[in-house]
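Colleague: I am new to reading structures, and I would like a close look at a single part of this one. Could you pick one helix and walk me through its surroundings?

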Amino acid sequence: EKGYETGEHAPGLKLGGCGAYKAAHHIIKTHAKVWHSYNNTWRREQRGMVGISLTSGWGEPVDPHSQTDRDAAERYIQFHLGWFANPIYRGDYPEVMKNYVGRKSAQQGLGTSRLPTFSVQEKTYIKGTSDFLGIGHFTTRYVLQKSFPFLQVSSYHTDHDLAELVDPNWPAPGPKWLYSVPWGFRRLLNFIKTQYGNPLIYVTENGVSETMQCPQLCDEWRIQYLKGYINEILKALNDGVNVRGYTAWSLLDKFEWNKGFSERFGLYHIDFKNKNKPRYPKASADYYKKIISANGFPNPREVMS
């Protein structure tokens, strides 16, 4: 979406309303081809696993008693996670994506939907091509219905007819988009369990950045973020979600997309101005080390059921 819709990321193309859908279509088919290649050639000998890692926030309806808000929140998840996961686990794009993009394409006078279609053979070929689901998750949004006028330039962002809100009380320790909302992670994991047949899950990315330098290396907000989110994963495990592993994002400060080195996700601070790039552990590194050593929270009383 950022590479083919808004042009923020490489390759920097602004193909509004169709580029991201085409790129995703190729990614999904290519993923399936790689899975089948491994399955047919290497699996018997290596006994490895091939999965896909998808990053998604959680969408919570502003008013849980409002059907339109609940529907909008459902669209939020389907247009993010379901866009890729649904073809792999259920054989096709989510119905709500097909309906909304198809209807808006027709209103624009287009003969076919801007969302590409899979052939019957492709659906069969793609379905089931993941031995595990990798999940990257960082934050949550409140979601409500918002209709966009027909004459507006077509866009992935206007296709799902919703608006995203945040609670001003949510901690926002890092960049503008990343609010700490741990309970959203448990709901996302349970959504995956019910939607996709409780697949094996590895959390491949979860963490928070700081936008300013932290010279004392005292990133207490990151410790609170990790504690909150890991605790919600434990609750999801108690719910019966099949989570097998967790990876904090990230071990080191690094080059962060179009933010360069200005946004720091690392447990270790890197002095990028020094040619030797020395590394210094932040307080969160010591905290996370204790969690790893104990394979859980060192003090069991910190874990809420």
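Modeller: Happy to! Let's start with a pair of helices: α7, covering residues 183-195, and α8, covering residues 220-238, pack at an angle of about 35 degrees, and their axes are 8 Å apart. Please keep in mind that this is a predicted model. The two numbers are a standard pair, since packed helices are described by the angle between their axes and the distance between the axes. The crossing of α7 and α8 is also right-handed. On the α7 side, W183, F185, R186, L189 and N190 make the contact, while α8 brings Y229, E232, I233, K235 and A236. Sorted by class, the contact of α7 with α8 holds six nonpolar, one polar and three charged residues.

Now let's stay with α8 itself. Does its length make sense? At 1.5 Å a residue, its 19 residues should span 27 Å, and the C-alpha atoms at the ends of α8 are indeed 27 Å apart, so the two values agree. Many names appear when we ask which residues of α8 are buried, among them R222, I223, Y225, L226 and G228. Y229, E232, I233, K235 and A236 of α8, which we met in the contact with α7, are buried too. The buried residues of α8 pack against α7, and also against β6, β7 and α9 (283-294). Just after α8 comes G240, which takes a positive phi of about 95 degrees.

Two of those partners, β6 and β7, lead us to the sheet. It is an open sheet of four strands in the order β1-β3-β6-β7, with parallel pairing. At its edges stand β1 (52-55) and β7 (243-246); each has a single partner strand, so one side of each is left without a neighbour in the sheet. On average, neighbouring strands of this sheet are turned by 30 degrees against each other, direction ignored. Strand β6, residues 201-205, is joined to β7 by three bridges, and the two run parallel. To find this pairing in the picture, look for Y202, which stands opposite G245 in β7. Elsewhere on the sheet, helix α3 (residues 67-90) lies across β1 and β3 (133-136), running at about 150 degrees to β1.

One last stop is the segment after α9, where you will find F297. Its relative accessibility is 8%, and buried means under 20%, so F297 counts as buried.

How values were computed: Residues numbered from 1 in each chain as written. Predicted model: local features only at pLDDT ≥ 70, side-chain atom pairs only at ≥ 80, totals over all residues. Heavy atoms only, no water. Axes fitted to C-alpha atoms, helices over the stretch in contact; angles between N-to-C directions. Left-handed = near helix turned anticlockwise from the far one by under 90°. Contact = heavy atoms within 4.5 Å. Nonpolar A, V, L, I, M, F, W, Y, C, P; charged D, E, K, R; others polar. Pairing = 2+ DSSP bridges. Expected span 1.5 Å × (residues − 1). Buried < 20%, exposed > 50% of the residue type's maximum accessible area, 1.4 Å probe, protein only.
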